[in-house]
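Please look over the chain below and its fold. A short report on the main structural points follows the display.

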Amino acid sequence: MRIQHNIAALNASRQYTKNNTSVSKNIQKLSSGYKINSAADDAAGLAISEKMRGQIRGLNQASNNAQDGISLVQTAEGGLNETQEILQRMRELAVKSSNGTYKDDVDRASLQLEMADLSKEIDHISKSTAYNKINLLDGSLDYGATQSGTLGTTAMTFNGTATLATNANLDGTTGDAATVTIAGNSGGGTPTADGVIEVTISAAGNLAVNLGEGSYSAQDITSAIRTKAASMVSADKASPAANYLDFETKFDGNVVIGAASTDTTGARTMASTGTAGGLTFQIGANSDSYERVDLNISKMDSVSLGISTSKIDTLSNAQAAIGTIDTAINTVSEARAKLGALQNRLEHTVNNLGTTSENLTSAESRIRDVDMASEMVEFTKNNILSQAAQAMLAQA
């Protein structure tokens with residue numbers, strides 16, 4: 001018989017504390033609806049469910065992005081629809097003016113007045129069609145075509161001793177391991193500063209990028225050229241000839257250096273091409289390239305469509321205008337077909353994103369959500385045990 005320590009009371013107290021803790025956890029799960037409320041509940045389950053949550057929220061936002069893209073495409077297509085209506089009317093006027101029953105100075109002159117106004121309206125639609133202040137038909141989204149003219153052939157000169165990797169592709173997509181090692185100045189090339197890569201853009205001038213001595217990767221060189229060029233590009237995209245020809249947005253840095261291993265003064269040519277698209281939609285939850293889709297819309301004004309100089313003021317001009325307008329109609333039809341195909345794709349994307357989000361939500365729910373019935377049974381059991389332990393503690 002022991003009288004200094006009440007072991008039964010100590011045991012009952014410990015069981016009471018344990019049962020109370022279990023009841024508290026049961027109440028937390030039942031009130032929140034979650035089986036995992038903290039990392040202590042299920043560390044691995046928490047990590048997995050958080051990754052799933054990131055994917056789910058990304059998928060939902062991507063769905064919203066795709067729907068915004070559909071709205072943008074519909075806006076552009078609506079502008080082109082009206083442009084095509086105008087072109088059909090212009091063709092109708094050209095056919096009408098081609099008839100020999102009209103006089104040039106009176107009848108065809110009146111027809112030409114409407115023709116001129118319709119051409120101006122096409123220009124107005126091209127400039128004013130916009131979505132969220134993004135111009136859609138003015139050519140600002142047309143970066144896909146290969147550039148020519150003054151941007152055409154670009155020369156790159158390495159000042160000093162430049163050791164070039166064979167066929168190093170400086171766009172960062174292939175040949176990433178290729179490097180260009182620039183040693184000290186050997187007296188060749190201009191400017192005379194050591195470690196200068198000089199890019200000459202036709203007659204527009206030189207763009208000198210001083211990297212200093214060292215070994216540089218393809219990405220380093222491309223980034224340096226782009227950063228330098230960006231500071232020289234005017235905000236006015238309408239007149240690129242005077243500001244290094246929209247170097248940042250229209251030049252993709254696709255540079256291939258020839259097979260020579262060392263060159264101190266010679267120039268290597270590089271092709272200047274446009275980027276993949278003028279506008280990119282993020283239609284997936286991740287950063288992979290296949291989670292994005294590009295939109296490219298050519299300029300759709302009267303000049304680009306080739307009808308700015310079309311006239312129907314004489315019989316011969318009217319007859320020639322018919323063929324010109326037919327070509328313009330086909331151009332607009334092709335652009336509308338591309339937009340329609342993209343819209344259909346985006347609609348399927350929205351459907352797929354919704355299905356994927358639903359399935360991932362279901363999987364995340366099985367990990368994170370509490371089984372209310374099962375948890376209620378546990379709560380009842382622990383609550384009874386807690387009350388029993390309290391009674392036994394009083395008895396002890």
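This report goes from the whole protein to its core, its end helices and a few single residues.

**Overall picture**

The model is predicted. The protein has 396 residues, and 35% of them are buried. Its secondary structure comes to seven helices and 12 strands. Take the contacts between residues at least 6 apart in sequence: 72% of them join residues at least 24 apart. The protein exposes about 20,800 Å². Carbon and sulfur atoms supply 51% of that area.

**The nonpolar core**

The largest nonpolar core has 41 residues. Leu87, Met90, Phe281, Leu295 and Ile325 have the most contacts inside this core. Two or more residues come from each of helix 2 (43-97), helix 3 (104-128), strand 11 (279-282), strand 12 (292-295) and helix 6 (315-368). Helix 6 gives the most, with 12 residues.

What does Met90 touch, leaving aside its neighbours within four places in sequence? Its contacts are Met115, Leu118, Ser119, Ile122, Ile307 and Ile325. Ile325 is also among the core residues with the most contacts.

Gln84 is placed in helix 2. Is Gln84 buried or exposed? Gln84 counts as buried, because its relative accessibility is 10% and the cut-off for buried is under 20%. Beyond its neighbours within four places in sequence, Gln84 is in contact with Ile329, Val332, Ser333 and Arg336.

**Helix 1 and helix 7**

These two helices can be checked for length and for cover. The table gives the length check.

| Helix | Residues in helix | Expected span | Distance between end C-alpha atoms |
|---|---|---|---|
| Helix 1 (7-32) | 26 residues | 38 Å | 38 Å |
| Helix 7 (372-395) | 24 residues | 34 Å | 34 Å |

For helix 1, the expected span at 1.5 Å a residue agrees with the distance between its ends. For helix 7, the expected span agrees as well.

Which residues of helix 1 are buried? They are Ala9, Ala12, Asn19, Val23, Asn26, Lys29 and Leu30. Helix 7 is part of what covers them. In helix 7, the buried residues are Glu375, Asn382, Ser386 and Ala389. The cover on these residues includes helix 1. An α-helix has 3.6 residues a turn, so residues three or four places apart point the same way.

Gly33 follows helix 1. The phi of Gly33 is positive, near 85 degrees.

**A loop with positive phi values**

Most residues other than glycine have a negative phi. Asn132 has a positive one, near 55 degrees. Asn132 lies in the loop between strand 1 (130-131) and strand 2 (134-135). Lys133 is found in the loop between strand 1 and strand 2 too, and its phi is also positive, near 65 degrees.

Are these residues buried or exposed? Asn132 counts as exposed, because its relative accessibility is 65%. Lys133 counts as exposed at 82% relative accessibility. The cut-off for exposed is over 50%.

**Aromatic rings**

How many aromatic pairs are counted? The count comes to zero. One ring does have a charged partner: Arg368 lies over the face of Tyr34. The distance from the ring centre is 6.0 Å.

Note on methods:
Residues are numbered from 1 along each chain as its sequence is written. This is a predicted model: local features need pLDDT of at least 70, side-chain atom pairs count only at pLDDT 80 or more; totals for chains, interfaces and linings use all residues. Side-chain values use heavy atoms; hydrogens and water are left out. A nonpolar core is a set of buried Ala, Val, Leu, Ile, Met, Phe, Trp, Tyr and Cys residues joined through side-chain atoms within 4.5 Å. Buried means under 20% relative accessible area, exposed over 50%, partly exposed in between (1.4 Å probe, protein chains only). Helices (H or I, at least four residues) and strands (E, at least two) are DSSP runs, numbered from the N terminus. Contact means heavy atoms within 4.5 Å. The expected span of a helix is 1.5 Å times one less than its number of residues. Rings of Phe, Tyr and Trp (its six-membered ring) pair if their centres lie within 6.5 Å; planes under 30 degrees apart count as stacked, over 60 as edge-to-face and the rest as tilted. A charge sits over a ring if NZ of Lys or CZ of Arg is within 6 Å of the ring centre and within 35 degrees of the ring normal. Accessible areas come from the Shrake-Rupley method with a 1.4 Å probe; for residues, only the protein chains shown count as cover.
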